[in-house]
Amino acid sequence: MSARLPETNDVLREVQERFEAARDFEAQWRKHALEDLRFFHADAYNHAQWDSAVYQARSGTFGGSPRPCLTINKTQQHVFQIENDARQSQMGMKVNATGFGSNEKAADVIEGIIRHIEYQSNAQQNAYNCAIQGQVRQGMGWVHVVTDYVRGQDSFDQDFFIKSVPDPRSVYSDPNTQEPDHSDMQWAMIVEEMPRAEFERLYPGHEDIKGAPLSIAAEGNERADISERDTVRVFRYYRRNEDKDTLWAVPNAQTGAMQAMRQSEMPDEMVAMCREMQLQSRPITRPHVEFFLIAGNDVISSGLTVFRHIPLVPFVGVESVIDGRLDRCGLVRSLIDPQRMFNYSASAFVESIATQTKSPWLVDERSIEGYENQWANANTSNQAWLPYRSIDPDDPTMPLAPPQRLDPPTGSTGHMQVLQANPAIMGQIGDLFFKAADFPLADEIADRLKPASDDPRLGQAQQTIQQLQAQLQQVTQQLKDKQADLSLKAQGQQHDAAADLLKEETDRYKAETDRMAAIGSTDPEALRVLVHQLVQDALSNGTPSPSDGAMPAMQDGPPGSLPRLPSSNPPGGEIHAPNPVTGAVDA
């Protein structure tokens, strides 16, 4: 290996100092975050929701009878509710046009580019959800923005990608940040461990790299032997630097208006002229971010990035700094004591049921001599009778007191609290509760409260119910088909009736049309007589008689042709019909 450059030593020293500073500043949070994560994933096997000393004492490690240590994890359902609500609300970035020549159309274009980056990175499902999990469970989550070559194409073009950080505790950030969103942090690093085979595949040519870089192996006991294991710890270190520059107000040669120019972009003659003219100026900085990939005691990759801020975006839960110690917490921290209280209550309830068995008997050993087996099974079997000796076998004159059952131990109120907090548990352990009780008909109640899945007749009943449901669906379908047939028949009858009525009306109008056509072709003299006859018939059928005070019937007109009304158009003119009616009735 070539000799190490002085710049490499400076970078390694800087990384080591900053790593130790962040580790000490966040030590309290890292410890609590690991405990919160274990508490969240507690189950009946790891018992992580129980204090280790309490669990050992209750499990009989230090002697004594074991006691129940139940873990009924209700923390997860509250955490999952928050996380699922966050998943349903699609997160995204909004770009607004705010001066300096920007416009709404350009803002929409930039926003579309950001959505494309999120889509090709699958950020909603991976990076954002992973960050929300860390925020809710441990109090902190991170999103990592990187640049890489365009996927699936033979090109040298690069694009942005949003990556997830599975373990939030692997990020060590600047402890001097002041902003709540950590936008002012000057450095950050991601510390990850990978198998040596994977490291050699990703970074060939570095087979001699040691496991732990910078001799930072004393972070915890679980990492003390990292150099002895086949694992390599890799640092992805980002630091933000600022290049100093000067901004000058330079007059435009064409318009004369003042325009801002950076001194680094101006020729030396123009800078000298600005100084001679004592133009307005102010110092400015141009930020840029450098990246270093460190493994072992070597920097295996480094260079400038396109970022102006550290490309690590935090998802902060509840963050606080007390006496110079940083602490963060999520939803799990506030659920620890309520969850432990529930576990204690549930365990006390089950313990109460287990210890509140059939009450023991107080007997004189002489009174049950010869019946020891029957009395030994008195609390486990339902015997019709229990014999005992009323007289001392050695002294017939001395009577013996009959055995007496002791009062049952008073149950703990913890089981009542559990039943009130979770009434559904009665359906699961109700038979055990009454089976262990000692009062009349307790065993019968326990038998009735047994889960239905224990009854062999349940399968037959379910099969019968399914058959009945199938028959009911078949009958229902037949009824619907019958109703549809009846509806079609009724509609057909209505259609036939309407068709008959329409035919009848058509025939009537046709007859009337034929009659009117016949009247139009009748001789005028015959038509006059026919009209006269129709009027007379109408008056005789629908008009009251003169005796009722109504209008008298119309008299017959004089015989012969009626005088024609005066007209300036002679007969046979253009407005006359081909067969004009001669004569007219005086009005």
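1. A term before anything else: pLDDT is the predictor's confidence in each residue, from 0 to 100. You'll want it in mind because this is a predicted model, and in residues 543–556 the pLDDT stays under 50. For that stretch the model has eight contacts beyond four places in sequence. Residues 217–227 also stay under 50, with 17 contacts beyond four places in sequence. Where pLDDT is low, the predicted coordinates should not be read in detail.

2. On confidence overall, the chain averages a pLDDT of 80, and 77% of its residues get to 70 or more. Taken element by element, strand 3 (residues 171–173) has the highest mean, 95, while helix 12 (residues 414–421) has the lowest, 63.

3. For the overall fold, count 16 helices and 13 strands. The chain has 587 residues, and 28% of them are buried. If you look at contacts with a separation of 6 or more, 63% of them join residues 24 or more positions apart.

4. If you're after a pocket, the largest one has a volume of about 1200 Å³. It is lined by 42 residues, and the ones closest to its centre are H144, I190, E192, R236 and Y238. By class, the lining splits into 16 nonpolar, 16 charged and 10 polar residues.

5. Which elements each supply at least two residues of that lining? On the helix side there are helix 1 (6–25) and helix 2 (27–40). The strands are strand 1 (140–149), strand 2 (158–164), strand 4 (187–195), strand 5 (231–251), strand 7 (281–295) and strand 8 (298–304).

6. Helix 6 (residues 127–137) is mostly covered, with nine of its 11 residues buried. The buried set runs A127, Y128, N129, C130, A131, I132, G134, V136 and R137. Just past the end of helix 6, G139 has a positive phi of about 95°.

7. S121 sits in helix 5 (residues 104–121). Its relative accessible area is 10%, so S121 is buried. Beyond its neighbours within four places in sequence, S121 makes contact with N126, F160, F161 and I162.

8. Two backbone angles deserve a look. Most residues other than glycine have a negative phi. Q278, however, has a positive phi near 55°, and D323 has a positive phi of about 55° too. Q278 is in the loop between helix 8 (268–277) and strand 7, while D323 is in the loop between strand 10 (318–322) and strand 11 (325–329).

9. Are those two residues, Q278 and D323, buried or exposed? Q278 has a relative accessible area of 70%, so Q278 is exposed. D323 comes in at 77% relative accessibility, and therefore counts as exposed as well. The cut-off used here is over 50%.

10. A loop residue can also be covered, and G296 is a case in point: G296 lies in the loop between strand 7 and strand 8, yet counts as buried because its relative accessibility is 1%. G296 and V232 are 64 residues apart in sequence, but their C-alpha atoms are 7.6 Å apart in space.

11. For a longer jump along the chain, take L326 in strand 11. L326 and W29 are separated by 297 residues in sequence and by 6.3 Å in space, C-alpha to C-alpha. L326 is buried, given a relative accessible area of 2%. Not counting neighbours within four places in sequence, the contacts of L326 are F25, E26, Q28, W29, E319, S320 and V321.

12. Last stop, S367, in the loop between strand 12 (361–362) and helix 11 (372–376). Why does S367 count as buried? Because its relative accessible area is 0%, and buried means under 20%. The S367 side chain reaches the backbone oxygen of D364 at 2.6 Å. Leaving out residues up to four places away in sequence, S367 touches Y388, R389, L400, A401 and P403.

Definitions and conventions
Residues are numbered from 1 along each chain as its sequence is written. Side-chain values use heavy atoms; hydrogens and water are left out. Helices (H or I, at least four residues) and strands (E, at least two) are DSSP runs, numbered from the N terminus. Buried means under 20% relative accessible area, exposed over 50%, partly exposed in between (1.4 Å probe, protein chains only). A polar contact is a pair of N or O atoms within 3.5 Å; within protein, one must be able to donate a hydrogen and the other to accept it, and residues adjacent in sequence count only if both atoms are side-chain atoms. Contact means heavy atoms within 4.5 Å. On a 1 Å grid over the protein atoms alone, a cavity is a set of points where a 1.4 Å probe fits but cannot get out, and a pocket is an open set with protein on both sides within 12 Å along at least five of seven lines; lining residues have an atom within 4 Å of a point. Grid points are joined across faces, edges and corners, and a volume is the space filled by probe spheres set on the points. Ala, Val, Leu, Ile, Met, Phe, Trp, Tyr, Cys and Pro count as nonpolar, Asp, Glu, Lys and Arg as charged, and the others, Gly among them, as polar.
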